[in-house]
2 protein chains.
Amino acid sequence: MGLAKTEIFTDKQNEISQYAKVFGHPARVAILQYLFKLNACVCGDLVDEIGLAQPTISQHLKELKHLGLIKGNVEGTSVCYCIDVGNWTKMKKVMSEFLDQDLDKKECC
Amino acid sequence: MGLAKTEIFTDKQNEISQYAKVFGHPARVAILQYLFKLNACVCGDLVDEIGLAQPTISQHLKELKHLGLIKGNVEGTSVCYCIDVGNWTKMKKVMSEFLDQDLDKKECC
DNA sequence: CCCATTAATCGTAATATTGCAATTAATAAA
DNA sequence: TTTATTAATTGCAATATTACGATTAATGGG
């Protein structure tokens, strides 16, 4: 099939997995880390920084933008990307709630 | 292609994306949440709880086990699964480091 | 206007993922 | 030993993802 049966899961479960999915590729992780590191916006030197072709980077940026984790601003011929702090914070709350579950007496085997 | 060029990324970036990838499907999120909720081990009532066929659940469990996030214990004809607390903690550290980056002055657009 | 620069989009090939029916393996019960 | 129960494995179809070459916007400089 190749497609997840999202309708049988809760909105929260789908939300968590959507965020996780976008982090599920090292290129997108690298892009986000680079945007954080620069402390300022970056354009297409992501293509130089990461060793992937321009269309590939563009595609990854699109997915990050689609989830709202980054914003893009046109500056002349280039486009400046940066973290969307508000949405990043929202995402962190959702992911933390999932990751930080009570670990007391969970093992039995 | 369909395959990520993992060799051009750091070990950390690949580690983060691997963890994220396994959380990138609502069924696996649901399985983990259920294991947390029960406060004890579960066997194959995951098949009843989640609405997917037994082979499908089995496959998802395999992926979670492969990353070490859950453990399985054979008990008679059934297998009891539970969270691997130690590895879950390790994973949390890696993911938190990535998610909790400094958000000060990151936006430009 | 013409050309250079930059990034998005399109098309496509290779591979991965998801899901399940059918089967197999493993153990327990009778 | 036979049978029932449970879970893993196999095989396969449908779809998604990844990557990139080629092309297409879109803007700026001359």
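Is A:Glu63 buried, partly exposed or exposed, and what is its relative accessibility? In this predicted model, A:Glu63 counts as partly exposed, at 32% relative accessibility. Its salt-bridge partner is A:Arg28, with the closest N and O atoms 3.3 Å apart. The pair links distant parts of the chain, since A:Glu63 sits in helix α4 of chain A and A:Arg28 in helix α2 (residues 26–38) of chain A, 35 residues apart. A:Arg28 itself is buried, with a relative accessible area of 8%.

That pair has company: the whole structure holds six salt bridges over all chains. Another one joins A:Lys12 and A:Glu97, whose closest N and O atoms are 3.8 Å apart. Because A:Lys12 belongs to helix α1 (residues 11–22) of chain A and A:Glu97 to helix α5 (residues 85–99) of chain A, this bridge ties together parts that are 85 residues apart in sequence. Let's look across the chains next. B:Asp100 forms a salt bridge with A:Lys92; B:Asp100 lies in the segment after α5 (85–99) of chain B and A:Lys92 in helix α5 of chain A, so the pair joins two chains.

Now turn to the DNA. Around DNA strand C there are 30 residues, and among those that come nearest are A:Met1, A:Tyr81 and B:Met1. Sugar and phosphate make up 62% of the strand C atoms that come within 4 Å of the protein. Phosphate oxygens of the strand lie 2.6 Å from a side-chain N or O atom of A:Ser58 and 3.2 Å from one of B:Lys21. The largest share of the surface near strand C, five residues, comes from α4(B). Sorted by character, the residues of this surface are twelve nonpolar, 13 polar and five charged.

Terms used:
Residues are numbered from 1 along each chain as its sequence is written. Chains are lettered from A and ligands numbered from 1 in the order in which they are written. This is a predicted model: local features need pLDDT of at least 70, side-chain atom pairs count only at pLDDT 80 or more; totals for chains, interfaces and linings use all residues. Side-chain values use heavy atoms; hydrogens and water are left out. A residue is near a molecule or strand if one of its heavy atoms lies within 4 Å of it. A polar contact is a pair of N or O atoms within 3.5 Å; within protein, one must be able to donate a hydrogen and the other to accept it, and residues adjacent in sequence count only if both atoms are side-chain atoms. Helices (H or I, at least four residues) and strands (E, at least two) are DSSP runs, numbered from the N terminus. Ala, Val, Leu, Ile, Met, Phe, Trp, Tyr, Cys and Pro count as nonpolar, Asp, Glu, Lys and Arg as charged, and the others, Gly among them, as polar. A salt bridge is a side-chain nitrogen of Lys or Arg within 4 Å of a carboxyl oxygen of Asp or Glu. Buried means under 20% relative accessible area, exposed over 50%, partly exposed in between (1.4 Å probe, protein chains only).
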